[in-house]
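Here are some notes to read alongside the structure. They go point by point, so feel free to jump around.

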Amino acid sequence: MVASQSMTAGAIASNFDTARPTVSKHLQILTECKLLQQEQNGREIYYHINAKKMKEVADFIEPFSKIWDDRFNKLESVMKTYKSKK
Amino acid sequence: MELKTKILAEDNKQEIVITREFDLPVELLFTAYIEPEIVEQWMGTKVLKLDCKKHGSYQFVTTDPKGNQHGFNGTIHEFVPNQKITRTFEMENTPFPVQLEYLAFEKITDNTSKLTMHIIYKSITDRDNMLKLPFAQGINMAHNRLQDIFNKLK
């Protein structure tokens, strides 16, 4: 949602069935983690995504997953050769 | 591209779950874990010992591209052919404490199978450090490469 445009807390909350204070709390946490950025525009605060930080979180575990995936791909190919030799 | 291997690592937990489906009958998948010469091929390690039974143990040694040797070992607690292996895993000469691994092997069809690896670490921090290790190594390698390039420019 916030990836394509900046939105106010009210606009974000209107997309969820959750109570407004709950949404505000979530926004506050995401902002503290720097996953969302706030921008003051007059009386309204707009939220937008911090793409760089989001990517950081996703990337963090990626090399670990990649190592296991490569290892298991190797296992699969070794065993396919093993099977055809039998 | 989406990886076939899924890693579930919830925040503030000292465990992870790795799952992977294989295009192999479960018997072949299991064989990959018990035949030393096969383990050597896919793990890229040398198997010094692999005694697959309850109260058995294993010992591997891997040589990195720089020629340094890294030892790994563990004890096998449960061993049920084509179903499960419960074992410990220790990286020798590192600050990482021993971890506990539950491996479950499942048949999906006659030619496909699933492996679920449930790994339990000593603490949340130890788990997070282990997850970060390949990431940190990747950064280290990038730094070393940069250093090499700079050294050549001098």
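1. Start with the hairpin of E3(B) and E4(B): six residues sit between the strands, and among them B:His55 takes a positive phi near 70 degrees. The two strands, E3 at residues 46-50 and E4 at residues 57-63 of chain B, run antiparallel and are joined by four bridges. To find the register, look at B:Lys46, whose bridge partner in E4(B) is B:Val61. Bear in mind throughout that this is a predicted model.

2. Carry on along chain B and you meet another hairpin, that of E4(B) and E5(B). Here five residues lie between the strands, and B:Gly67 has a positive phi near 95 degrees. E5(B) covers residues 69-80, and its antiparallel pairing with E4(B) runs over seven bridges. A handy landmark is B:Phe60, which has B:Phe72 in E5(B) as its bridge partner.

3. Two asparagines in chain B deserve a look. B:Asn12 is not a glycine, yet its phi is positive, near 55 degrees. You'll find B:Asn12 in the loop between strands E1 (5-8) and E2 (15-22) of chain B. Is B:Asn12 buried or exposed? B:Asn12 has 7 other C-beta atoms within 10 Å, and the cut-off for exposed is 12 or fewer, so B:Asn12 counts as exposed.

4. The other one is B:Asn82, again a non-glycine with a positive phi, this time of about 65 degrees. B:Asn82 sits in the loop between E5 and strand E6 (84-91) of chain B. Its surroundings hold 15 C-beta neighbours inside 10 Å, so B:Asn82 is classed as partly exposed. B:Asn82 is also one of the residues touched by B:Phe105.

5. That brings us to B:Phe105. Leaving out residues up to four places away in sequence, B:Phe105 touches B:Val26, B:Leu29, B:Phe30, B:Asn82, B:Gln83, B:Lys84, B:Ser113 and B:Leu115. B:Phe105 is also among the best-connected members of the largest nonpolar core, which has 13 residues. The others that touch the most fellow members are A:Leu75, A:Met79, B:Leu24, B:Leu28, B:Leu29 and B:Ala32. So which helices supply at least two residues each to this core? They are helix H4 (62-85) of chain A and helix H1 (26-34) of chain B. H1(B) gives the largest share, five residues.

6. Now for the place where the chains meet. The contact takes 18 residues from chain A and 21 residues from chain B. On the chain A side, H4(A) gives the most, with 16 residues. That side of chain A divides into 11 nonpolar residues, one polar and six charged.

7. H4(A) is worth tracing from end to end. Its 24 residues should span 34 Å at 1.5 Å a residue, and the end C-alpha atoms are 35 Å apart, which agrees. Within H4(A), the buried residues are A:Phe64, A:Asp69, A:Phe72, A:Leu75, A:Val78 and A:Met79. As background, an α-helix has 3.6 residues a turn, so residues three or four places apart point the same way. Try that on the list of buried positions as you turn the model.

8. What about the rest of chain A? Chain A has four helices and three strands, and from the N terminus the elements run β-α-α-β-β-α-α. Of its 86 residues, 9% count as buried. Among contacts in chain A with a separation of 6 or more, residues 24 or more positions apart account for 36%.

9. The three strands of chain A form an open sheet in the order E1-E3-E2, with antiparallel pairing. E1 (7-8) and E2 (36-41) are the edge strands, each pairing on one side only. Two bridges join E1(A) to E3(A), which covers residues 44-49. In that pairing, A:Met7 stands opposite A:Tyr47.

10. Last, a word on confidence. The mean pLDDT of chain B is 91, and 92% of its residues reach 70 or more. Within chain B, strand E7 (residues 99-109) has the highest confidence, at 98, while helix H3 (residues 124-153) has the lowest, at a mean of 77. Where pLDDT is low, the predicted coordinates should not be read in detail. For the complex, the predictor gives an ipTM of 0.85 and a pTM of 0.72.

Notes. Residues are numbered from 1 along each chain as its sequence is written. Chains are lettered from A and ligands numbered from 1 in the order in which they are written. This is a predicted model: local features need pLDDT of at least 70, side-chain atom pairs count only at pLDDT 80 or more; totals for chains, interfaces and linings use all residues. A nonpolar core is a set of buried Ala, Val, Leu, Ile, Met, Phe, Trp, Tyr and Cys residues joined through C-beta atoms within 7 Å. A residue is buried if 20 or more other C-beta atoms lie within 10 Å of its own, exposed if 12 or fewer, and partly exposed in between; C-beta atoms are placed from the backbone. Two residues are in contact if their C-beta atoms, placed from the backbone, lie within 7 Å. The expected span of a helix is 1.5 Å times one less than its number of residues. pLDDT is the predictor's confidence in each residue, from 0 to 100. Ala, Val, Leu, Ile, Met, Phe, Trp, Tyr, Cys and Pro count as nonpolar, Asp, Glu, Lys and Arg as charged, and the others, Gly among them, as polar. Two strands pair if DSSP finds at least two bridges between them.
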